[in-house]
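Q: I am new to this structure and should be grateful for a close look at a single part of it.
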Amino acid sequence: MRRGKSVEKLDDLGWKFERSIEWKHNGRLVERGTEISIVKNGRMKFLEHVVNSATGAEWINCVDKNKAIRSFRPEQVKRVHYKNKLRS
């Protein structure tokens, strides 16, 4: 018996997540690469919007200045920026 492996394969989990690279926030269309401000976390680049179809939970994935992928709830978005000024 193997240890550390989950019973479900990664491919089996893909059916319940709906991913999109566009998302609308306060009337603005947010596309991949658009900079947004997250409450208490600063500026990030938008990556994708994900909805779990089984539970209805939704979140957005972003990339910070250190190239790390972070996930946040949509209500944590403070502002959608017009100009890209991500400090590296």
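Is Asn52 buried or exposed, and what surrounds this residue?

A: The model is a predicted one, and a brief view of the whole may help to place the residue. The protein has one helix and eight strands, and from the N terminus on these elements run α-β-β-β-β-β-β-β-β. Of its 88 residues, 27% are buried.

Asn52 is found in strand E5, which covers residues 42-52. Its relative accessible area is 11%, and because buried means under 20%, Asn52 counts as buried.

The side chain of Asn52 takes part in polar pairings with residues that follow in the sequence. One of its polar atoms lies 3.0 Å from the backbone nitrogen of Ala54. The side chain of Asn52 also makes a polar contact with the side chain of Thr55, at 3.4 Å.

Beyond its neighbours within four places in sequence, Asn52 is in contact with Lys16, Phe17, Ala57 and Trp59. For the protein as a whole, among contacts with a separation of 6 or more, 48% join residues 24 or more positions apart.

Elsewhere in the chain, strand E2 (residues 22-25) and strand E3 (residues 28-31) pair in the antiparallel sense over four bridges. Glu22 has Glu31 in E3 as its bridge partner. The two strands form a hairpin with two residues between them, and Asn26 in the turn has a positive phi of about 50°.

Finally, the accessible surface of the protein comes to about 6900 Å², and carbon and sulfur atoms account for 48% of that surface.

Key
Residues are numbered from 1 along each chain as its sequence is written. This is a predicted model: local features need pLDDT of at least 70, side-chain atom pairs count only at pLDDT 80 or more; totals for chains, interfaces and linings use all residues. Side-chain values use heavy atoms; hydrogens and water are left out. Two strands pair if DSSP finds at least two bridges between them. Buried means under 20% relative accessible area, exposed over 50%, partly exposed in between (1.4 Å probe, protein chains only). A polar contact is a pair of N or O atoms within 3.5 Å; within protein, one must be able to donate a hydrogen and the other to accept it, and residues adjacent in sequence count only if both atoms are side-chain atoms. Contact means heavy atoms within 4.5 Å. Accessible areas come from the Shrake-Rupley method with a 1.4 Å probe; for residues, only the protein chains shown count as cover.
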